[in-house]
Amino acid sequence: MKELELKQNIRPIILKLGGSIITRKEKPLTPNRRAIKRLAKEISQAEIDNLILVHGGGSFGHPIAKEYKVTEGFKDKSQLIGFSKTSHAMTMLNKIVVEALVSKNVPAVTVRPSSFIVTKHGRIEKADWNIVAKLLELGFTPVLYGDAVLDSTLGFTILSGDQLVAELAIRFDAERIIIGVDVDGLYTADPKIDGSAKLMRNVNLEQLEKLKDKIKKSKFIDVTGGMLGKVNELTRVVERGIPILIVNGLKPNKIYKALRNERVVGTLITR
């Protein structure tokens with residue numbers, strides 16, 4: 001299929017809402033409804049025309065995917081129901097997110113990754129990006145998410161929201177990326193366990209590479225690699241000159257300010 005060219009003036013902003021802010025990660029299949037409602041309101045008030053939204057799985061996708069080893073690919077028939085359960089859980093979470101957005105007059109439309117993406121060894125191999133491009137051109141807000149997808153070598157696997165964000169940013173030459181997590185940004189150590197950890201306000205590509213060694217994986221179940229997975233995926237975006245801002249999505253108005261390009265506490269990653 002011929003690649004659809006986006007109009008020259010459309011350079012989308014990509015917003016990633018991590019599973020740690022839209023779900024209660026310590027309780028399986030539990031949405032953080034208060035946070036989702038507030039975030040939908042902030043997105044609506046920011047009035048961004050060219051927005052792509054990607055959300056994580058948190059306590060919906062990750063525990064089931066881990067239990068059935070979906071990420072590792074098809075090994076036996078007992079995993080089939082695990083793939084189905086993971087897929088279903090993510091559609092449930094997506095429904096809650098999209099309903100909240102639509103209730104605030106954001107023209108959000110679900111774009112289910114498993115319906116148009118096939119991976120190879122866990123990396124995107126084939127995808128029809130025309131769907132996302134057309135929605136953007138018409139003024140919709142496409143909403144994608146980490147998903148259980150078919151894989152040409154493994155049979156199936158998990159496609160992370162972070163890989164999706166990176167691919168979308170490169171494919172559509174994004175203006176910038178905003179990532180909402182449950183901390184204020186990147187730290188010199190894990191701020192949840194180390195009181196002396198300092199927030200890094202500005203990080204360049206060289207510093208990002210050094211930081212990879214320090215970043216510890218999340219203490220909660222995360223089949224896509226937690227913060228380390230994020231940094232690995234986003235390095236290739238920063239190399240293209242697309243800036244990334246990491247902010248605390250659990251704190252009111254942080255996402256709103258980030259979308260409006262106003263000053264906000266967080267970590268800005270640039271080349």
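# A tour of selected side-chain contacts

At 4% relative accessibility, N94 counts as buried. Select N94 to begin; the model in the viewer is a predicted one. This residue belongs to helix α4, which covers residues 80-103.

Now show what surrounds N94. Leaving aside residues up to four places away in sequence, N94 touches H55, T110, V143 and Y145. Which of these neighbours has a side chain joined to that of N94 by a polar contact? Select H55: the contact between the side chains of N94 and H55 is 3.2 Å.

**Salt bridges**

Leave N94 and turn to the charged side chains. Side chains of opposite charge can pair when their charged atoms come close. Searching the whole structure gives 11 salt bridges. Three of them are visited below.

Select R11 and D173. Their closest N and O atoms are 3.3 Å apart, and the two residues form a salt bridge. R11 sits in the segment before β1 (13-17), while D173 sits in the loop between α6 (161-171) and β9 (176-181). With their positions 162 residues apart, the pair links distant parts of the chain. Are these two residues buried, exposed or partly exposed? R11 has 36% relative accessibility and so counts as partly exposed. D173 has a relative accessible area of 41% and is partly exposed.

Next, select D162 and K16. Here the side chains meet in a salt bridge, at 2.9 Å from N to O. D162 is in helix α6 and K16 is in strand β1; the two are 146 residues apart, and this pair too links distant parts of the chain. Both D162 and K16 are buried.

Stay on helix α6 and select R171 and E167. How far apart are the closest N and O atoms of this salt bridge? The distance between R171 and E167 is 3.5 Å. Both residues lie in helix α6, four residues apart, which is about one turn of the helix. R171 counts as partly exposed because its relative accessibility is 38%, whereas E167 is buried, with a relative accessible area of 16% against a cut-off of under 20%.

To finish, add R123, E233 and R236 to the selection of E167 and R171. These five residues are joined into one network by salt bridges that share partners.

Terms used: Residues are numbered from 1 along each chain as its sequence is written. This is a predicted model: local features need pLDDT of at least 70, side-chain atom pairs count only at pLDDT 80 or more; totals for chains, interfaces and linings use all residues. Side-chain values use heavy atoms; hydrogens and water are left out. A salt bridge is a side-chain nitrogen of Lys or Arg within 4 Å of a carboxyl oxygen of Asp or Glu. Buried means under 20% relative accessible area, exposed over 50%, partly exposed in between (1.4 Å probe, protein chains only). A polar contact is a pair of N or O atoms within 3.5 Å; within protein, one must be able to donate a hydrogen and the other to accept it, and residues adjacent in sequence count only if both atoms are side-chain atoms. Contact means heavy atoms within 4.5 Å.
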